[in-house]
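Here is a friendly briefing to keep beside the viewer as you turn the model around. It goes from the overall picture to helix packing, and then to single residues worth a click.

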Amino acid sequence: MTSLLHSLLLWALYISSFYAFIPSLISRLFGFRVFRRGKSQTEFALTFDDGPDPVYTPRLLQLLKQYDAKATFFVVGEHADHHRDLIRRMHEEGHLIGIHNYIHKTNWLMRPGTVRKQIQQTGQIIQEVTGVKSCYYRPPWGIMNLFDFFSQKDRKIILWSSMFEDWKSRVGVQKLTERMLKELKGGEVMLLHDRGTTLGADAQAPEHMLQALQVVLQEADRRGLHSVRVDTLMGGGATVSESQENSQSQVQLSRWKRGIVALWLLWENVFHWMYHLRTASPEDPLLHYRPRVYHGAMVEMTDGHVMQNGDQVIELHFDNKKLFELGMTSRSSMHLAIRMIRAIEQQLPDLARQISSDPKLSSAKALYGVSMINRGPEKFGFTVRDLPPGPFSAASKIYLKLLLSVIHPAGTKRLKQRSEQLVPKVIAMPMGHLLQHYGTRSYAAATVEQVKTTLLEPQQDLLSGAELKNVPPMR
C-alpha cells in the first residue's frame, strides 16, 4: 500500500511538473519558444495586460499619443467584446493587439482544448473589429502548459523582461516610478496593466501606473529612447533566435543558469529518496541505479539472453545535473558525445564492482533503462529496442525533448534535426556481460575513434538525447 501511494504521489508530481511547472520555468528562464527581450539600444516595448478598461484605457491611449509612443495590448476577450470601440481605437492609433485568453484564468487549470478555444474566441473578436488576425499571445500570469509549446505553430508567445507590481496600489506612485526608471533601457519588454479587476489586483492601481508612466515617457524622451510595438522590437515580427539570445546571455547567465537548473532538478532528490537510488561513482556522479522488478514486454538481448516480465533487473538513470553541465561546457555534439563516452567508460567498471560485491543484487538478470538515443549504447554491449507505444512512451518523448533542449549544445535547433530519431528507447545489457567485460579494467570499451565513426555515419547521432530521469516505473 505504501509503495502504491508513493507511486501515485510521484505520478502526481511528475504530471503536474511535466504539464505546467517545467514548461513555465523553461520558457521564463531560458526563453524557450518565447520572446521576452529585444536587441535594440534605443527602443523598448510597453505592454499592457488585462484590458481594455472603460476608465483607464482611454486615458492611457491619450498619454501614449501625447508622447508618440506605440504599445502592445494583450486584451482579455470578454473585456474586448464589451469594449470594441477601445479595440478599434487601439488599432487606429497604431498599437499592436495581442491575446490574453477570453477570461483571465491560468493555463495550468485548463485543458489544451479549453486554452485553444479561449485563444480562438479572443482572436476572432480582434479580427472582427480590426480586420487583422493576431498571432501574438501572452498567457495569463505568463504561466504556460506543455501544449503551449507545441500547438499553434503560427502563434508567437510574448513574455517580458521586467515587471513592477503595478497591480498593487500599496506600491505607490513614487516606488513604481523608481522601479520603472531603473529598467528603462533599450530592448526591455515592460509588463504593465491597464485594468485592475483581475484576481489579486487592486481596482485603483492603474491610476498609479498612469502617473508613473508619464514620468517614464518624459525621461525616455530625454534619453533618446522610444517605445515601440513588440513586433517592431522583434524585428518586423521575426522572433529573436535562440542562438542569438544565447550568444548575448551565455557569459553573464551561465553561472546562475546552472543554479536555476539545479533548483529545477531538486525534485529528483525526492525520487532518489523514495526509491533509494545508489550512485556508481559518488565522487563524480553520472550513473545512478536501483534494483527493481521489470514490468514490460520481453526484450531479447545479446547472446540469446532475454529480459521478461517479473525478472529482477538493475534500473539505470543518468544524472540530469551532470548532463546539463556537460552540455553547457561542450563545444559541439561531437564533443559532448566523446565526453559522455569517456565518463561512461570510467563508471561502468565502478558499477560492475558495486553490483558484484552486493549479495542482494546477485539475482539481477540485466541492466535496464529508458533513453532517447540511437546507436551509442551498443558500443558498450547494450541492446537497444523500441519502447512499446502508449501513454508512457508519448509522455517520455515530450519530456526528453524538453530536457534535450536545455542540456544539448545546439539547444532547440537539435529538435529540428532528424527529429524522427528523437524517440525513447529501451536499453538492456545481460548482467553476465557487465560483470565479465567491466568487472576489471581490461574490457573492450568503445574508443573515441569508434565514437567518431558512429557520429559520421548517415542518420546517426550518438547519445543525442538525455536519459529519462525520475519517471515512475512502468506497470
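The expected span of a helix is 1.5 Å times one less than its number of residues. With that in hand, helix 8 is a good place to begin: its 19 residues reach 27 Å from first C-alpha to last, close to the 27 Å expected. Please keep in mind that this is a predicted model.

**The chain as a whole**

- The chain is built with 17 helices and 17 strands.
- Of its 475 residues, 55% count as buried.
- Taking contacts between residues at least 6 apart in sequence, 80% join residues at least 24 apart.
- About 21,000 Å² of the chain is exposed, and carbon and sulfur atoms supply 53% of that area.

**Helix 8 and its surroundings**

- Which residues of helix 8 are buried? They are Ala-205, Pro-206, Met-209, Leu-210, Ala-212, Leu-213, Val-216, Leu-217, Glu-219 and Ala-220.
- As background for reading that list, an α-helix has 3.6 residues a turn, so residues three or four places apart point the same way.
- The buried residues of helix 8 pack against strand 2 (43–49), helix 2, helix 7 (172–182) and strand 8 (189–193).
- Just after helix 8 comes Gly-224, with a positive phi near 80 degrees.

**Helix 2 and its two helix partners**

- Two packed helices are described by the angle between their axes and the distance between the axes.
- With helix 8 (residues 205–223), helix 2 packs at an angle of about 0 degrees, and the two axes are 11 Å apart. Angles under 35 degrees count as roughly parallel, so helix 2 is roughly parallel to helix 8.
- On the helix 2 side of this contact are Tyr-56, Arg-59, Leu-60, Leu-63, Leu-64 and Gln-66, which meet Pro-206, Glu-207, Leu-210, Leu-213, Gln-214 and Leu-217 of helix 8. By class, the residues of the contact between helix 2 and helix 8 are eight nonpolar, two polar and two charged.
- With helix 4 (residues 84–92), the axis of helix 2 (residues 56–66) comes within 11 Å, and the crossing is at roughly 10 degrees. Helix 2 is therefore roughly parallel to helix 4 as well.
- Here Thr-57, Pro-58, Leu-61 and Gln-62 of helix 2 meet Leu-86, Arg-89 and Met-90 of helix 4. The contact of helix 2 with helix 4 divides into four nonpolar, two polar and one charged residues.

**Backbone details in the loops**

- Where is the cis peptide bond? It joins Gly-51 and Pro-52, with omega at about 5 degrees. Pro-52 sits in the loop between strand 2 and helix 2.
- Asp-68 is not a glycine, yet its phi is positive at about 55 degrees. You will find Asp-68 in the loop between helix 2 and strand 3 (71–75).
- Glu-165 also has a positive phi of about 55 degrees without being a glycine. Glu-165 belongs to the loop between strand 7 and helix 7, and its relative accessibility of 27% makes it count as partly exposed.

**Single residues to click on**

- Is Asp-49 buried or exposed? Asp-49 is buried, because its relative accessible area is 4% and the cut-off for buried is under 20%.
- Asp-49 is found in strand 2. Leaving aside residues up to four places away in sequence, Asp-49 touches Phe-74, His-100, Arg-138, Leu-191, Leu-192, His-193, Asp-194 and Arg-195.
- Lys-117, in helix 5 (residues 112–130), is exposed, with a relative accessible area of 52%. Lys-117 and Tyr-102 are 15 residues apart in sequence, and their C-alpha atoms are 8.4 Å apart in space.
- Met-163 lies in strand 7 (residues 162–163) and counts as partly exposed at 44% relative accessibility. Between Met-163 and Val-189 there are 8.7 Å in space, C-alpha to C-alpha, and the two are 26 residues apart in sequence.

Methods. Residues are numbered from 1 along each chain as its sequence is written. This is a predicted model: local features need pLDDT of at least 70, side-chain atom pairs count only at pLDDT 80 or more; totals for chains, interfaces and linings use all residues. Side-chain values use heavy atoms; hydrogens and water are left out. Axes are lines fitted to C-alpha atoms, for helices over the stretch in contact, and angles run from 0 to 180 degrees between N-to-C directions. Helices (H or I, at least four residues) and strands (E, at least two) are DSSP runs, numbered from the N terminus. Angles under 35 degrees count as roughly parallel, over 145 as roughly antiparallel, 65 to 115 as roughly perpendicular and the rest as oblique. Contact means heavy atoms within 4.5 Å. Ala, Val, Leu, Ile, Met, Phe, Trp, Tyr, Cys and Pro count as nonpolar, Asp, Glu, Lys and Arg as charged, and the others, Gly among them, as polar. Buried means under 20% relative accessible area, exposed over 50%, partly exposed in between (1.4 Å probe, protein chains only). Accessible areas come from the Shrake-Rupley method with a 1.4 Å probe; for residues, only the protein chains shown count as cover.
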